[in-house]
Amino acid sequence: MKAWRVNELGEPRDVLRLEEVADLAPGPGQLMVRVLAAPANFPDVLLCRGEYQIKPPLPFTPGVELCGEVVAVGEGVTRFAVGDRVIGNPSLPGGGFAELAVMEESNTFPAPAALDDAEASALSIGYQTGWFALHRRTQLQPGETLLVHAAAGGVGSAAVQLGKAAGAKVIGVVGGPHKAEYCRRLGADLVIDRHTEDIVAAVKDFTGGRGADVVFDPVGGDAYTKSTKCIAFEGRIIVIGFAGGTIPQPALNHALIKNYSIIGLHWGLYKAYNQQAIDDCHIELTRLADEGAIKPLISERLSLTEVADGIGRLGDGTTVGRIVFQP
């Protein structure tokens with residue numbers, strides 16, 4: 001089979017190679033799928049660089065989520081059968097940027113019928129992260145104001161849609177006019193271009209001086225700093241990641257004086273501590289997809305041969321929306 005492999009760490013365009021590798025076989029508790037679609041995620045960039053919290057042995061194939069068709073099941077698999085369309089997370093070092101992938105049964109879910117292959121492939125990490133952030137860690141309420149940084153990115157775009165589905169007023173922060181237009185298509189009530197607008201002033205103006213009740217921050221750095229200047233009384237800043245490259249050093253006296261909370265989310269930990277919560281979240285996301293309340297907005301549908309360039313552009317910060325590769 002064909003698979004993209006990283007044999008040495010570095011920038012995606014430099015280290016990703018499309019190679020012929022031996023076909024896979026599922027072990028106990030696993031299933032093998034024919035990859036129908038695999039989206040680009042920022043963790044794929046970090047995996048290539050060796051900067052992700054998970055460091056698979058070299059050589060490995062990135063691609064942390066996918067939609068696939070089950071072609072074989074291992075011993076003990078009971079929830080899926082050959083021919084099922086599924087989504088979820090493949091087992092590294094054999095990721096989704098390949099023709100075939102192996103998945104643990106516990107990391108696999110039925111693909112929502114309301115979504116096509118590319119849309120379904122993007123419902124796992126981003127939407128699970130967004131749902132856990134907004135409903136389990138911060139309890140976003142109808143009528144509250146949600147501020148989403150990197151709102152045209154993978155997890156940010158999911159947070160925008162999930163915020164609207166929850167009845168919140170959503171402010172999306174993006175970088176550039178193309179990303180702004182994409183964010184409006186997602187349903188944001190206000191879109192702020194950080195390149196040309198003052199985030200703090202725009203948020204305060206939109207909220208009548210109150211500020212944002214919940215801040216969804218996958219960026220860190222300056223985005224976090226500005227969030228602390230426009231957070232509402234009893235507001236919650238949810239820390240998702242540091243795509244901007246700088247880890248903030250929170251001033252805890254400021255959190256005390258302004259009476260806001262700083263909350264961390266590491267979605268992957270739920271696989272170790274509360275798998276049932278992930279299963280329940282998938283049921284809820286499927287319901288929302290079936291009702292048309294959420295739908296991954298795919299900006300580019302590319303072939304398998306375009307993985308290196310697509311992941312490279314994601315790492316450069318020049319992509320808009322969700323990029324999905326379809327073998």
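Helices and strands are DSSP runs, numbered from the N terminus. On that basis, Gly211 sits in the loop between α7 (199–206) and β10 (212–217). The model is a predicted one.

Gly211 has a relative accessible area of 2% and counts as buried. Sequence neighbours up to four places away are set aside in the contacts that follow. Gly211 touches Thr145, Val203, Cys230, Ile231 and Ala232. The C-alpha atoms of Gly211 and Lys229 are 8.5 Å apart, across 18 residues of sequence.

Cys230, one of the residues touched by Gly211, belongs to another loop. That loop runs between α8 (221–228) and β11 (231–239). Cys230 is buried as well, with a relative accessible area of 1%. Leaving aside neighbours within four places in sequence, Cys230 is in contact with Leu147, Val200, Val203, Lys204, Gly211, Ala212 and Lys258. Val203 thus appears in the contacts of Cys230 and in those of Gly211. The C-alpha atoms of Cys230 and Ala201 are separated by 8.1 Å, with their positions 29 residues apart along the chain.

Strand β5 (residues 85–90) is largely enclosed by the rest of the structure, because 5 of its 6 residues are buried. Burial here means a relative accessible area under 20%. Strand β4 (residues 66–73) is joined to β5 by 4 bridges, and the two run antiparallel. In this pairing, Glu69 stands opposite Arg85 of β5. Strand β6 (residues 100–110) is also joined to β5 by 4 bridges, again in antiparallel fashion. Here Val86 has Pro110 of β6 as its bridge partner. In a regular strand, side chains alternate between the two faces of the sheet.

Asn107 is another residue of β6. With 15% relative accessibility, Asn107 counts as buried. Apart from neighbours within four places in sequence, Asn107 is in contact with Ile87, Gly88, Asn89 and Lys271.

The second largest pocket encloses about 160 Å³ of space. Its lining comprises 16 residues. Met1, Leu24, Thr61, Pro93 and Gly94 lie nearest the centre of this pocket. Strands β1 (2–6) and β6 are the elements that give two or more residues to the lining. By residue class, the lining of the second largest pocket divides into 11 nonpolar, 4 polar and 1 charged.

Aromatic contacts were examined next. The structure holds 3 aromatic pairs. One of them, Phe97 with Phe325, is edge-to-face. The centres of these two rings are 5.4 Å apart, and the planes meet at 85 degrees. Phe97 lies in the loop between β5 and β6, and Phe325 in strand β14 (residues 322–326), so the pair ties together parts that are 228 residues apart in sequence. Both partners are buried: Phe97 has a relative accessible area of 0%, and Phe325 has 1% relative accessibility.

The rings of Trp131 and Phe132 also pair. Their centres lie 5.7 Å apart and their planes are at 80 degrees, so this pair is edge-to-face. Planes over 60 degrees apart fall in that class. Trp131 is buried at a relative accessible area of 18%. Phe132 is buried at 0%. Together with Tyr270, Trp131 and Phe132 form one aromatic cluster.

Trp131 and Phe132 are among the buried residues of helix α4. This helix (residues 125–137) is mostly covered, with 10 of its 13 residues buried. The buried set also includes Ile125, Gly126, Tyr127, Gln128 and Thr129. Gly130, Ala133 and Leu134 belong to the set too. Just after α4, Gln139 takes a positive phi of about 55 degrees.

Terms used: Residues numbered from 1 in each chain as written. Predicted model: local features only at pLDDT ≥ 70, side-chain atom pairs only at ≥ 80, totals over all residues. Heavy atoms only, no water. Buried < 20%, exposed > 50% of the residue type's maximum accessible area, 1.4 Å probe, protein only. Pairing = 2+ DSSP bridges. 1 Å grid on protein atoms, 1.4 Å probe; cavity = no way out; pocket = protein on both sides within 12 Å on 5 of 7 lines; lining within 4 Å. Points joined across faces, edges and corners; volume = space filled by probe spheres on them. Nonpolar A, V, L, I, M, F, W, Y, C, P; charged D, E, K, R; others polar. Phe/Tyr/Trp six-rings, centres within 6.5 Å; stacked < 30°, edge-to-face > 60°. Contact = heavy atoms within 4.5 Å.
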